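Student: I've got a protein model open and I'd like to learn how to read it. Can you walk me through it, one feature at a time?

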Amino acid sequence: QRQRSFMGTDYSYADLEGRDVETADWKRLPDTNIEKQKVYVVEGVSKKDDAPYARSRFYVHPDIMVPLRIDFFARAADERPTKRFSALKLKNDGGRWTVTLSRMETPSKKTATRLEILSLVTGAEIDASQLTRQALEP
């Protein structure tokens, strides 16, 4: 179900999970600009046949190292992205940058989903007993 839409949005379940950098071959591409902001460009080609995307291109803010845009490609040779993630709003909470408003577009469907984080608690103490299967199940 990783490839399926998350609750009818442009995000898939796979889009919402973390990525292991070891599962792709990475290369640095020439820097560029996104809306007058210089960004580093890094591209990863997946080593796994069952990866949600064959290739991903990250446009990273050079000072805070947060992706401002990510283009996802279904096949490594594709020129047009299958999906595009854009960070629309960032928040600095004690030196930790978080994307609080984002947009995921699916160009082929001409659809997009905005995801907004309304409340974020960082540095909270969580007891290990709260992370057991029994504690997390209703």
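Tutor: Happy to. Start with the building blocks: the protein chain has 2 helices and 7 strands. Keep in mind that this is a predicted model.

Student: In what pattern do the helices and strands follow each other along the sequence of the protein chain?

Tutor: Reading along the sequence, you get α-β-β-β-β-β-β-β-α. As for overall dimensions, the C-alpha trace spans about 45 × 35 × 30 Å along its principal axes.

Student: How do I read a sheet?

Tutor: Here's the general idea: strands of a sheet pair through backbone hydrogen bonds, and the pairing is either parallel or antiparallel. In this model, 7 strands make an open sheet with antiparallel pairing, in the order β1-β2-β3-β4-β5-β6-β7.

Student: Which strands stand at the edges?

Tutor: Those are β1 (24-34) and β7 (111-116). Each has a single partner strand, so one side of each is left without a neighbour in the sheet. Also, neighbouring strands of this sheet are turned by 20° against each other on average, if you ignore direction.

Student: Let's follow some pairs. How many bridges join β1 to β2?

Tutor: There are 9 bridges between β1 and strand β2 (residues 37-46), and the two run antiparallel. You can trace the pairing residue by residue: Ile 34 has Gln 37 in β2 as its bridge partner, and Leu 29 stands opposite Val 41 in β2.

Student: And on the other side of β2?

Tutor: There, 6 bridges link β2 to strand β3 (residues 55-60), again antiparallel. One to look up on your screen is Glu 43, whose bridge partner in β3 is Arg 57.

Student: What do β1 and β2 form, with 2 residues between them?

Tutor: They form a hairpin. To read its turn, you need the backbone angle phi. Most residues other than glycine have a negative phi. In this turn, Glu 35 has a positive phi of about 45°. Lys 36, in the loop between β1 and β2, has a positive phi too, near 70°, and this residue is not a glycine.

Student: Is Lys 36 buried or exposed?

Tutor: Exposed. Its relative accessibility is 84%, and anything over 50% counts as exposed.

Student: Where else can I find a positive phi?

Tutor: Try Lys 110, in the loop between β6 and β7. Its phi is positive at about 55°, although Lys 110 is not a glycine. Lys 110 is exposed as well, with a relative accessible area of 78%.

Student: Now show me a residue inside a strand.

Tutor: Take Ser 86, which is found in strand β5. Ser 86 counts as buried because its relative accessibility is 13%, and the limit for buried is under 20%.

Student: Which residue in β6 is the bridge partner of Ser 86?

Tutor: Arg 103. That bridge belongs to the pairing of strand β5 (residues 83-93) with strand β6 (residues 96-106), which run antiparallel and are joined by 9 bridges.

Student: What does Ser 86 touch?

Tutor: Leaving out residues up to four places away in sequence, Ser 86 touches Leu 68, Arg 69, Leu 101, Ser 102, Arg 103 and Glu 105. Look at Leu 101 in particular: Ser 86 and Leu 101 are 15 residues apart in sequence, and their C-alpha atoms are 8.7 Å apart in space.

Student: Can we compare that with a residue in a loop?

Tutor: Sure, go to Leu 131, in the loop between β7 and α2 (133-136). Leu 131 counts as exposed, since its relative accessibility is 56%. With residues up to four places away left out, Leu 131 touches Ile 126 and Leu 136. From Leu 131 to Leu 101 you count 30 residues along the chain, and their C-alpha atoms are separated by 27 Å.

Student: What percentage of the 138 residues count as buried?

Tutor: For the protein chain, 29% of them. The chain exposes about 9900 Å², with carbon and sulfur atoms supplying 49% of that area.

Student: And how do I read contacts and charges for the whole chain?

Tutor: For contacts, take those with a separation of 6 or more: residues 24 or more positions apart account for 25% of them. For charges, the chain has 24 positive and 21 negative ones, and their mean positions lie 6 Å apart.

Note on methods. Residues are numbered from 1 along each chain as its sequence is written. This is a predicted model: local features need pLDDT of at least 70, side-chain atom pairs count only at pLDDT 80 or more; totals for chains, interfaces and linings use all residues. Side-chain values use heavy atoms; hydrogens and water are left out. Two strands pair if DSSP finds at least two bridges between them. Helices (H or I, at least four residues) and strands (E, at least two) are DSSP runs, numbered from the N terminus. Axes are lines fitted to C-alpha atoms, for helices over the stretch in contact, and angles run from 0 to 180 degrees between N-to-C directions. Buried means under 20% relative accessible area, exposed over 50%, partly exposed in between (1.4 Å probe, protein chains only). Contact means heavy atoms within 4.5 Å. Accessible areas come from the Shrake-Rupley method with a 1.4 Å probe; for residues, only the protein chains shown count as cover. Lys and Arg count as positive and Asp and Glu as negative; His and the chain ends are not counted. The place of a charge is taken as NZ of Lys, CZ of Arg, CG of Asp or CD of Glu.
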